[in-house]
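Please open the model in your viewer and keep the sequence panel beside it, since each stop on this tour begins with a selection.

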Amino acid sequence: MKKLLVLLTIILIVSGCSTSEDKLYCDSTITSNNLITKTSYDITHEGNDVKYVKIVYEYEEVIDETEDGVGTGTDGTTEDDDTKNDGIVDGKVGDAIDDVADAILDLAGIKVMYTNKLNEYDEIEGFTGIIDDNEQNKYKVTYEIDFTKISDDDLNKFDLDRDYDTLKKSLEDQDLTCK
């Protein structure tokens with residue numbers, strides 16, 4: 001009989017101490033100027049109180065290696081309409097080079113921006129930032145924010161809210177899909 005009471009007590013204690021944490025996942029993908037931008041938020045909340053957010057920013061420069069620049073199967077110079085012979089490539093090849101250069105500059109600017117932000121956020125309690133992927137045409141940054149440790153002032157730097165409903169609405173208003 002004693003064993004049964006002890007067992008029932010343990011079951012009641014364990015079942016009464018379980019957490020009611022829920023998760024929400026929000027994401028979006030945008031393609032612009034040969035650059036794919038993926039953003040995702042993994043949100044852990046208990047009721048209407050946000051406890052933890054993991055934000056992942058992924059960038060990938062799209063390089064189409066199936067085209068030769070002019071669609072002729074040649075070396076890409078046959079439709080070059082540069083008649084000035086000034087060393088500047090015009091035509092479809094020049095346009096393709098410009099597109100690649102713009103994407104590279106965009107990706108380089110993104111890398112600089114996140115490096116600066118990670119340096120700025122380095123001393124924030126409750127924040128961890130990691131560069132997960134830093135290749136020539138790919139870049140991935142992960143922010144992890146522990147809402148139980150971060151101050152309200154620091155949380156404002158990330159434009160996040162402790163209130164689950166407010167945070168979800170804000171992300172949906174930014175065209176992220178939440179499920």
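Begin with helix 4 and look at what packs over its buried residues: the covering elements include strand 1, strand 2, strand 3 and strand 6. Keep in mind throughout that this is a predicted model.

**Helix 4 and its two ends**

With helix 4 still selected, show the side chains of Tyr164, Leu167 and Leu171, which are the buried residues of this helix. If you turn the view so that you look down the axis of helix 4, these buried residues fall within an arc of 70°, so they line one face of the helix. Now colour Lys169 and Asp173, which are exposed on the other side of helix 4. At the start of the helix, select aspartate 163 and aspartate 165: a side-chain oxygen of aspartate 163 comes to within 3.3 Å of the backbone nitrogen of aspartate 165. Then move to the position just after helix 4, where aspartate 175 has a positive phi of about 70°.

**The disulfide**

Which cysteines should you select to see a disulfide? Choose cysteine 26 and cysteine 178, whose sulfur atoms are joined at an S to S distance of 2.0 Å; the count of disulfides comes to one. Cysteine 26 belongs to strand 1 (residues 21-32) and cysteine 178 to strand 6 (residues 177-178), so this pair ties together parts that are 152 residues apart in sequence. The link between cysteine 26 and cysteine 178 is right-handed, with 110° about the S-S bond, and both cysteine 26 and cysteine 178 are buried.

**The nonpolar core**

Next, select Tyr41, Tyr143, Ile145, Phe158 and Leu160, which are the residues with the most contacts inside the largest nonpolar core, a set of 31 residues. To see where this core comes from, colour strand 1, strand 2 (35-46), strand 3 (49-61), helix 2, strand 5 and helix 4, each of which supplies at least two of the core residues.

Stay on phenylalanine 158 and display what surrounds it: leaving aside its neighbours within four places in sequence, phenylalanine 158 is in contact with Tyr121, Ile124, Phe127, Tyr143, Ile145 and Ile150.

**The aromatic pairs**

Searching the whole structure gives eleven aromatic pairs. For one of them, select tyrosine 114 and tyrosine 139, which form a tilted pair at 6.2 Å centre to centre, with 40° between the planes. Tyrosine 114 is in helix 2 (residues 91-121) and tyrosine 139 in strand 5 (residues 138-146), so the pair ties together parts that are 25 residues apart in sequence. Are these two rings buried or exposed? Tyrosine 114 counts as buried, at 5% relative accessibility, and tyrosine 139 also counts as buried, at 1% relative accessibility.

Now select phenylalanine 127 together with phenylalanine 158, an aromatic pair that is stacked, at 5.1 Å centre to centre and 25° between the planes. Phenylalanine 127 lies in strand 4 (residues 127-134), while phenylalanine 158 lies in the loop between helix 3 (152-156) and helix 4 (164-173), so this pair ties together parts that are 31 residues apart in sequence. Both phenylalanine 127 and phenylalanine 158 are buried. To view these rings in their wider setting, select Tyr57, Tyr59, Tyr114, Tyr121, Phe127, Tyr139, Tyr143 and Phe158, which form one aromatic cluster.

**A polar contact in strand 5**

Go to threonine 142 in strand 5, a residue that counts as buried at 3% relative accessibility. The side chain of threonine 142 makes a polar contact, at 2.3 Å, with the side chain of aspartate 132. Widen the selection around threonine 142 and, apart from its neighbours within four places in sequence, you will find it in contact with Lys54, Ile55, Val56, Thr128, Gly129, Ile130 and Asp132.

**Two loop residues with positive phi**

Finish in the loops. Select asparagine 33, in the loop between strand 1 and strand 2, where phi is near 50°, a positive value in a residue other than glycine; asparagine 33 is exposed, with a relative accessible area of 54%. Then select aspartate 159, in the loop between helix 3 and helix 4, where phi is near 55°, again positive in a residue other than glycine. Aspartate 159 counts as exposed, at 58% relative accessibility.

Terms used. Residues numbered from 1 in each chain as written. Predicted model: local features only at pLDDT ≥ 70, side-chain atom pairs only at ≥ 80, totals over all residues. Heavy atoms only, no water. Phe/Tyr/Trp six-rings, centres within 6.5 Å; stacked < 30°, edge-to-face > 60°. Helix = DSSP H or I, 4+ residues; strand = E, 2+ residues; numbered from the N terminus. Buried < 20%, exposed > 50% of the residue type's maximum accessible area, 1.4 Å probe, protein only. Polar contact = N/O pair within 3.5 Å; in protein donor to acceptor, adjacent residues only side chain to side chain. Contact = heavy atoms within 4.5 Å. Disulfide = S-S within 2.5 Å. Core = buried A, V, L, I, M, F, W, Y, C linked by side-chain atoms within 4.5 Å. Arc of directions from axis to C-beta.
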